[in-house]
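Student: I am new to this structure and would like to get to know it step by step. Could we go through it with some questions and answers?

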Amino acid sequence: MRRVKLLVLVVIAVWSVTAFGQAPAGTTIFEGARVIVGDARAPIENASFVVTGGRFVQVGTAANVKVPAGATRVSLAGKTVMPAIIDTHTHLSQTREMLLDDLRRRAYFGVGAAMSMGQDTTDVSFQVRGETIPGSARFFTAGRGITAPEPGRTTAPFWVSTVAEARKAVDENAAKKVDIIKIWVDDRMGTVKKLAPELYTAVIDEAHKNKIRVIAHIYTLDDAKATLKAGLDAFAHGVRDKDLDEEFLSLVKQRPNLVLGPNMPDRGVVGDIEWLRPALSPEAFAALQKGNTNRPDANAFWQIQARNLAKMRDIGARIVVGTDGNTANAPHIEMEDMVVAGMTPAQVIIAATSNGAQFLRMTDTGTIEANKSADFIVLDANPLDNITNTRKIASVYLRGAQVDRSSYK
């Protein structure tokens, strides 16, 4: 009986300390930064936020946040804090070791989550998706995408030629609970046969029966219109062959939940790449610098997509950040391109954070607010003034723990 009474007294004592302001173990209060919430809300100047158990428990102005007794205090005076970036379109490695390295490298650049889009051929991707790995971005996968036969190209996606094959490919992906179905609707500059309308219509129908969304790699305006009419949920690229017309924009306006990852191409102009030097070997940096030239043809191609992105922005389309390929720093380049195309830094940050989280159906991240996962980037300068300030990273925190950025290599 004495042991029971003693236990009760200990429990009451612990409850009393916590209830009346004593911080639970591991509580940290970050003070003095400007906080960019990640949605349409205004930044919080001279903010404080409390992190416990990997989550934000208080976020607000310094005057409104109560400092728990015993909390570790971290001064972020002069810094800007924004949510971790979400890259909705990547193609990551297929071995466990290399995939984990991909996710660690993304965390280095402040990326908190990445979705691999349609070329994941092994169970490794699904195993890693189910894990929470310290110091690494979270992982999502579209499994194996779906395309028409493309001789000479990768066989990682399902190659389908009939409606039955198209539906079977969807069902195999659905059995693995993929996060989205990826289709390629493109003739690869006239070198292969496109995925036919009856096939992508069957894919979209079968996916929706399984409550899975479908995202398309498209190139032409005509294909963008046709896939929209078939019920497509998202574009993995913007239209690249011509400027958007009123018919297309009208279709988009009728689909408020449609998502666009513009995935801007190389802008074809000399850029400042000095910020990448610490993360690259001298040889890799030299190779990058060699290709850092003005290329008018590339810029003309980029300009088409820039105008189209601006039109999508103007009608209120839901836009996310996606980069294609497997370059960990690419979201920062994509974000600059989106601003150059006409979006404001605030709009681009929303695209890279809360919009991306909503697209990946991550309800616990994407904004800096109470009860969300403490996934955030501490910056030395304000990206609302210049979007390239997202590259001036002082530190990165994922799930409340600081990421080791002492080495990228």
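Student: Is D101 buried, exposed or partly exposed?
Tutor: D101 has a relative accessibility of 24% in this predicted model. Buried would need a value under 20%, and exposed one over 50%. The value for D101 falls in between, so D101 counts as partly exposed.

Student: Which side chain meets that of D101 in a salt bridge?
Tutor: Look within helix α2, which covers residues 96-108. The partner lies there too, three residues from D101, about one turn of the helix. The N to O distance is 2.6 Å, and the partner is R104.

Student: How far apart along the chain are K176 and D123?
Tutor: The side chains of K176 and D123 meet in a salt bridge, at 3.4 Å from N to O. This pair links distant parts of the chain: K176 sits in the loop between α4 and β11, and D123 in the loop between β7 and α3. Along the chain, the separation is 53 residues.

Student: Which helix holds both K209 and D205?
Tutor: The side chains of K209 and D205 form a salt bridge, with 3.5 Å from N to O. K209 is exposed at 57% relative accessible area, while D205 is partly exposed at 31%. They are four residues apart, about one turn of the helix, and that helix is α5.

Student: Which residues do salt bridges with shared partners join into one network?
Tutor: Side chains of opposite charge can pair when their charged atoms come close. A search of the whole structure finds 30 salt bridges. Where salt bridges share partners, they make one network of D39, R41, E369 and K372.

Student: How many degrees of arc around the axis of α4 do its buried residues cover?
Tutor: The buried residues in α4 are A166, A169, V170, N173 and A174. They lie on the same side of α4, because the arc they cover around the axis is only 135°.

Student: Which residues are exposed on the other side of α4?
Tutor: The buried residues of α4 pack against β9, β10, β11 and α5. Across from them, on the other side of the helix, the exposed residues are A164, K168 and A175.

Student: At what angle do α4 and α5 pack?
Tutor: Two packed helices are described by the angle between their axes and the distance between the axes. Residues of α4, including V163 and V170, meet residues of α5, among them L199 and A202. α4 passes α5 in a right-handed crossing. Their axes are 8 Å apart, and the angle is about 35°.

Student: What phi does K177 take?
Tutor: Most residues other than glycine have a negative phi, and most peptide bonds are trans. K177 comes just after α4 and has a positive phi. Its value is about 60°.

Student: Is R188 buried or exposed?
Tutor: R188 is found in the loop between β11 and α5. Its phi is positive too, near 50°. The relative accessible area of R188 is 16%, and the cut-off for burial is under 20%, so R188 is buried.

Student: Near what value is phi of D324?
Tutor: D324 is in the loop between β15 and α10. With a relative accessible area of 25%, D324 is partly exposed. Phi is positive here, in a residue other than glycine, and its value is near 65°.

Methods
Residues are numbered from 1 along each chain as its sequence is written. This is a predicted model: local features need pLDDT of at least 70, side-chain atom pairs count only at pLDDT 80 or more; totals for chains, interfaces and linings use all residues. Side-chain values use heavy atoms; hydrogens and water are left out. A salt bridge is a side-chain nitrogen of Lys or Arg within 4 Å of a carboxyl oxygen of Asp or Glu. Helices (H or I, at least four residues) and strands (E, at least two) are DSSP runs, numbered from the N terminus. Buried means under 20% relative accessible area, exposed over 50%, partly exposed in between (1.4 Å probe, protein chains only). The arc is that of the directions from the helix axis to the C-beta atoms. Contact means heavy atoms within 4.5 Å. Axes are lines fitted to C-alpha atoms, for helices over the stretch in contact, and angles run from 0 to 180 degrees between N-to-C directions. A crossing is left-handed if the near helix is turned anticlockwise from the far one by less than a right angle, and right-handed if clockwise.
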